[in-house]
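Colleague: I would like a close look at a single part of this chain. Please start there and then work outward.

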Amino acid sequence: MIRIDFNRLRFLVIDDNAHMRRIVRTLLHGFGAREVYEAEDGAAGLEGFTHYMPDIVITDWAMPIFDGLELTSMIRQPGANANPYVAIIMLTGHSEKKRVLEARDAGVTEFLAKPISAKALYQRILNVVVNPRPFIKTKTFFGPCRRRNHHSSYVGPERRKGEKAEMIKVQPLLDKTKSSS
């Protein structure tokens, strides 16, 4: 079993609901995280992202000023900030398939529907730390590879065929979080 040291990760929790921020912060502290920063809207979240340089952003979808999708799009602009590859976990009460696909297409790394559980949050964090997906850069998309599984027997449409796509390996967070014990 892989042990990760949450104490070595920096989190930014963005949610307009103070109660929800407190729940997520409490869970993260329970996992062992010490550096947990908070923001109450998209603008403060973007400012916190630039200032704190988090390893993982956990953001709500619906927020004042600009929402979690707009925030994700701003973070995923190559060259616009120091870390467009940051792991982004979308935490929302809107779990319809259309919303999940919209979040994926905006560059969200993981999606978690409210109400959350400690186990589900832990699993999403573990997934971005242990199984980071490469980033894809095309004319119309920049974000984590949307294909979680690669099957040689896949028969669906090949949307990338003929389109110039660059695959970028990201620095895994696992190296940063390995526990010395």
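Modeller: What follows starts with one residue, Arg76, and moves out to the two sheets and the whole chain. Keep in mind that this is a predicted model.

Start with the site. Arg76 sits in the loop that links α3 (68-75) to β4 (87-92). Is Arg76 buried or exposed? Arg76 is buried, and yet it has no salt bridge. Glu110 is the nearest side chain of opposite charge, and it is 10 Å away. A salt bridge needs a side-chain nitrogen of Lys or Arg within 4 Å of a carboxyl oxygen of Asp or Glu, so Glu110 does not qualify. What Arg76 does have is a polar contact of 3.1 Å, side chain to side chain, with Thr109.

Now the surroundings. Setting aside neighbours within four places in sequence, Arg76 is in contact with Pro84, Tyr85, Val86 and Ile88, among others. Its contacts also include Ala106, Gly107 and Thr109. Further along the sequence, Phe135, Phe142, Gly143 and Pro144 are in contact with Arg76 too.

Next, the five-stranded sheet. This open sheet runs in the order β2-β1-β3-β4-β5, with parallel pairing. Its edges are β2 (35-39) and β5 (110-113); each has a single partner strand, so one side of each is left without a neighbour in the sheet. From one strand to the next, the twist averages 20 degrees. β4 and β5 pair in the parallel sense over four bridges. In that pair, Leu91 stands opposite Leu112 of β5. Helix α2 (residues 42-52) packs on this sheet and touches β1 (10-14), β2 and β3 (56-60). The direction of α2 makes about 170 degrees with that of β1.

Then the three-stranded sheet. It is open as well, ordered β7-β6-β8, and its pairing is antiparallel. Here β7 (142-144) and β8 (166-168) stand at the edges, and each has a single partner strand, so one side of each lacks a neighbour in the sheet. The twist averages 25 degrees from one strand to the next. Strand β6 (residues 135-137) pairs with β8 in the antiparallel sense over three bridges. Lys137 stands opposite Glu166 in β8.

Last, the chain as a whole. It holds six helices and eight strands. Along the sequence the pattern reads β-α-β-α-β-α-β-α-β-α-β-β-β-α. Of the 181 residues, 40% are buried. Among contacts between residues at least 6 apart in sequence, 67% join residues at least 24 apart.

Technical notes
Residues numbered from 1 in each chain as written. Predicted model: local features only at pLDDT ≥ 70, side-chain atom pairs only at ≥ 80, totals over all residues. Heavy atoms only, no water. Helix = DSSP H or I, 4+ residues; strand = E, 2+ residues; numbered from the N terminus. Buried < 20%, exposed > 50% of the residue type's maximum accessible area, 1.4 Å probe, protein only. Lys, Arg positive; Asp, Glu negative; His and termini not counted. Polar contact = N/O pair within 3.5 Å; in protein donor to acceptor, adjacent residues only side chain to side chain. Contact = heavy atoms within 4.5 Å. Pairing = 2+ DSSP bridges. Axes fitted to C-alpha atoms, helices over the stretch in contact; angles between N-to-C directions.
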